[in-house]
Protein chains: 2
Amino acid sequence: MTLGEYLEKQRSAIDAELDRLTPTADERPQTLHRAMRHSLMAGGKRLRPILFCAASEAVGRTAGALTPACALEFIHTYSLIHDDLPALDNDDFRRGQPTCHKTFGEATAILAGDALLTRAFQVLAEAEHVHAAVQIAMISELATSAGTVDGMIGGQMEDLEAEGRPVDSERLHYIHRSKTGALIRAAVRLGGMFGEASSEELDRLSDYGSAIGTAFQIVDDILDVEGTTESLGKTAGKDAQQQKATYPALYGLEHSKELAAKQLSLALAAVATFGEAGDRLRGIAETIVSRSA
Amino acid sequence: MTLGEYLEKQRSAIDAELDRLTPTADERPQTLHRAMRHSLMAGGKRLRPILFCAASEAVGRTAGALTPACALEFIHTYSLIHDDLPALDNDDFRRGQPTCHKTFGEATAILAGDALLTRAFQVLAEAEHVHAAVQIAMISELATSAGTVDGMIGGQMEDLEAEGRPVDSERLHYIHRSKTGALIRAAVRLGGMFGEASSEELDRLSDYGSAIGTAFQIVDDILDVEGTTESLGKTAGKDAQQQKATYPALYGLEHSKELAAKQLSLALAAVATFGEAGDRLRGIAETIVSRSA
């Protein structure tokens with residue numbers, strides 16, 4: 001199976017699992033469930049759950065990862081819904097369609113985000129075929145990576161506060177490491193934990209996760225400059241317009257591309273010793289850096 | 001120790017524990033942590049964590065409950081912050097002071113709510129001296145009671161959709177059971193689970209929790225009619241103004257009071273067999289029905 005075929009197979013399996021794990025519009029409150037599904041089933045890349053599954057495979061566990069992997073997509077989707085709200089980034093398009101609040105109104109979008117965030121922890125707590133102690137460690141790590149201080153919400157808050165102000169590299173790195181990097185790194189680490197990685201394997205997965213998390217955000221910043229609204233499925237050029245802290249703003253486009261390539265080398269080196277079992281992780285890292293959307 | 005002294009002692013212990021469990025404004029992002037603390041440390045009744053501790057005591061466990069009990073207050077406070085937002089109930093005052101978004105702006109209030117919700121699960125996952133399997137069951141139940149379908153977010157969504165429409169008793173009961181009742185019942189049940197209640201004890205705690213949850217919401221509805229903004233610490237008369245589904249709107253004030261008294265009897269009967277260990281639960285039930293704020 002080529003990497004492209006593997007990613008397509010995983011994406012489709014994750015879509016089906018997300019569908020199974022999300023309440024339907026047949027159940028009350030219908031509008032809320034439609035709003036959750038609107039954002040969740042809009043066809044994202046499913047990068048985070050795919051990373052979870054690939055990390056679990058890399059340490060030798062090939063079965064049962066789909067359900068807990070979906071917790072990462074619930075968190076990611078909730079964060080997109082809340083970030084897109086008028087009070088935050090005020091975005092009208094996401095994944096190529098109108099954002100949740102544009103379609104369902106702000107109140108429903110806020111509650112749909114809350115429900116997806118809550119559902120993430122429920123899904124992890126209800127995962128099967130995993131030791132309770134491992135499950136607890138996974139829940140704790142997911143909450144830390146999605147939370148404040150060095151987690152996703154912390155990064156989002158600092159990002160908002162940095163708008164329109166001079167960017168320094170220390171703050172830029174904090175924002176990107178927390179806002180995007182923490183959850184991507186957690187996706188890799190949680191997959192490893194689920195696969196009962198040794199502590200040395202988990203260290204290597206952490207290094208890999210940190211590197212691809214940084215690479216992902218650098219490429220995201222570059223695409224916001226070079227991509228189009230059509231190719232991205234979200235409004236291009238928003239960062240410059242909102243004077244966001246970005247890699248191109250601080251380092252220029254060319255040097256930003258070198259920095260992304262550097263992170264890719266670090267990621268590949270981190271999982272070199274996994275041999276063939278790490279092929280998917282290496283392929284995903286390359287895809288992240290070469291992506292155009 | 002009288003019930004009043006007990007409640008005061010518990011409130012003060014919970015305040016100290018919430019303080020310990022919440023990041024400070026010394027840590028980045030400072031504004032977010034100030035916003036979380038603004039709403040969290042504004043001096044609520046701490047009913048839900050007190051119920052957690054009292055239920056644990058009722059089944060014989062008197063130590064260690066404070067930390068996991070605080071998870072309930074994190075959830076409750078996040079729900080108040082998000083419910084008060086302009087897009088939802090648009091409230092300016094809560095717990096006698098300006099609401100989170102009035103003080104810190106909408107973006108920060110949304111993120112502060114998200115951070116408190118996330119922190120609730122982190123706190124449960126990091127609780128000590130509890131079997132991992134029990135911990136998992138507690139996390140699962142907290143997520144269910146705070147989530148959509150029959151949980152808090154489901155009730156809040158239906159409540160919003162019911163505004164200005166004719167109320168029927170089936171919908172009113174769904175809204176109140178989900179919006180307020182589910183988390184109160186979960187507070188009692190989680191305390192019981194933490195105290196390693198037998199399945200029969202847990203059934204009795206569930207009945208008690210359902211009854212006081214309903215009683216709490218009936219009294220809340222009555223106070224919105226009879227109380228003042230000053231005594232309540234939040235804007236009085238909002239329900240009628242927003243044409244909310246309430247017990248007084250459907251049953252009238254007098255019959256609503258009878259219904260609250262009926263729920264109190266059910267609650268007292270449910271925990272009768274706990275004997276002296278259930279004294280605090282019985283006292284709290286009476287306090288809920290006789291409260292004036």
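**Entry 1. Helix 6 of chain A against helix 8 of chain B**

I began with helix 6 of chain A (residues 106-125) and helix 8 of chain B, which pack at an angle of about 170° with their axes 10 Å apart. That angle makes helix 6 of chain A roughly antiparallel to helix 8 of chain B. I noted that their crossing is left-handed. I should record here that this is a predicted model.

I then listed the residues that make the contact. Helix 6 of chain A contributes A:Ala107, A:Leu111, A:Asp114, A:Ala115 and A:Thr118, and helix 8 of chain B contributes B:Ile153, B:Gln156, B:Met157 and B:Leu160. By class I read six nonpolar, two polar and one charged.

**Entry 2. Surroundings of helix 8 of chain B**

I asked how many of the eleven residues of helix 8 of chain B are buried. Nine are, and the helix is mostly covered. The buried residues are B:Met152, B:Ile153, B:Gly154, B:Gly155, B:Gln156, B:Met157, B:Glu158, B:Asp159 and B:Leu160.

I next looked up what covers them. The cover includes helix 2 (30-40) and helix 6 of chain A, together with helix 4 (66-83), helix 7 and helix 9 (169-194) of chain B. Just after helix 8 of chain B, I found B:Gly164 with a positive phi of about 80°.

**Entry 3. The loop before helix 8 of chain B**

I located B:Gly147 in the loop between helix 7 and helix 8 of chain B. I count B:Gly147 as buried because 23 other C-beta atoms lie within 10 Å, the cut-off being 20 or more. Leaving aside neighbours within four places in sequence, B:Gly147 is in contact with A:Ala115, A:Thr118, A:Arg119, A:Gln122 and B:Ile153. Of these, A:Ala115 and A:Thr118 are also listed in the contact of helix 6 of chain A with helix 8 of chain B, as is B:Ile153. I also checked B:Gly147 against B:Leu183: the two are 36 residues apart in sequence and 9.7 Å apart in space, C-alpha to C-alpha.

**Entry 4. The two chains as a pair**

I superposed chain B on chain A by a rotation of 180° with 0.0 Å of shift along its axis, at an RMSD of 0.0 Å. The two copies are thus related as by a two-fold rotation axis. Which C-alpha of chain B is nearest the axis? I found that of B:Ala132, 2.7 Å from the axis.

For the interface, I recorded 43 residues of chain B in contact with 43 residues of chain A. On the side of chain B that touches chain A, helix 2 (30-40), helix 6 (106-125), helix 7 (132-146) and helix 8 (152-162) of chain B each supply at least two residues. Helix 6 of chain B gives the largest share, twelve residues. By class, this side of chain B has 23 nonpolar, twelve polar and eight charged residues. I also noted that 100% of the interface residues of chain B are interface residues in chain A, so the copies meet through the same surface.

**Entry 5. A loop residue of chain A at the other chain**

I placed A:Ala87 in the loop between helix 4 (66-84) and strand 1 (93-94) of chain A. A:Ala87 counts as buried, with 21 C-beta neighbours inside 10 Å. Which residues does A:Ala87 contact, leaving aside its neighbours within four places in sequence? I found B:Glu106, B:Ala107 and B:Ile110. Within chain A, the C-alpha atoms of A:Ala87 and A:Glu106 are separated by 9.8 Å, at 19 residues apart along the chain.

**Entry 6. Helix pairs within chain A**

I looked up helix 4 and helix 6 of chain A, which pack at an angle of about 160° with their axes 8 Å apart. These two helices are therefore roughly antiparallel to each other, and their crossing is left-handed. The contact includes A:Phe74, A:Tyr78 and A:Ile81 from helix 4 of chain A and A:Gly113, A:Leu117 and A:Arg119 from helix 6 of chain A. By class I read 14 nonpolar, four polar and one charged residues.

I then turned to helix 7 (residues 132-146) and helix 9 (residues 169-194) of chain A, which pack at an angle of about 175° with axes 9 Å apart. Helix 7 of chain A is thereby roughly antiparallel to helix 9 of chain A. Among the residues that meet are A:Val134, A:Met138 and A:Leu142 of helix 7 of chain A and A:Leu183, A:Arg189 and A:Phe194 of helix 9 of chain A. Their contact divides into eleven nonpolar, one polar and three charged residues.

Note on methods:
Residues numbered from 1 in each chain as written. Chains lettered and ligands numbered in written order. Predicted model: local features only at pLDDT ≥ 70, side-chain atom pairs only at ≥ 80, totals over all residues. Least-squares fit on C-alpha atoms with pLDDT ≥ 70 in both. Contact = placed C-beta atoms within 7 Å. Helix = DSSP H or I, 4+ residues; strand = E, 2+ residues; numbered from the N terminus. Nonpolar A, V, L, I, M, F, W, Y, C, P; charged D, E, K, R; others polar. Axes fitted to C-alpha atoms, helices over the stretch in contact; angles between N-to-C directions. Parallel < 35°, antiparallel > 145°, perpendicular 65-115°, else oblique. Left-handed = near helix turned anticlockwise from the far one by under 90°. Buried ≥ 20, exposed ≤ 12 C-beta atoms within 10 Å, placed from the backbone.
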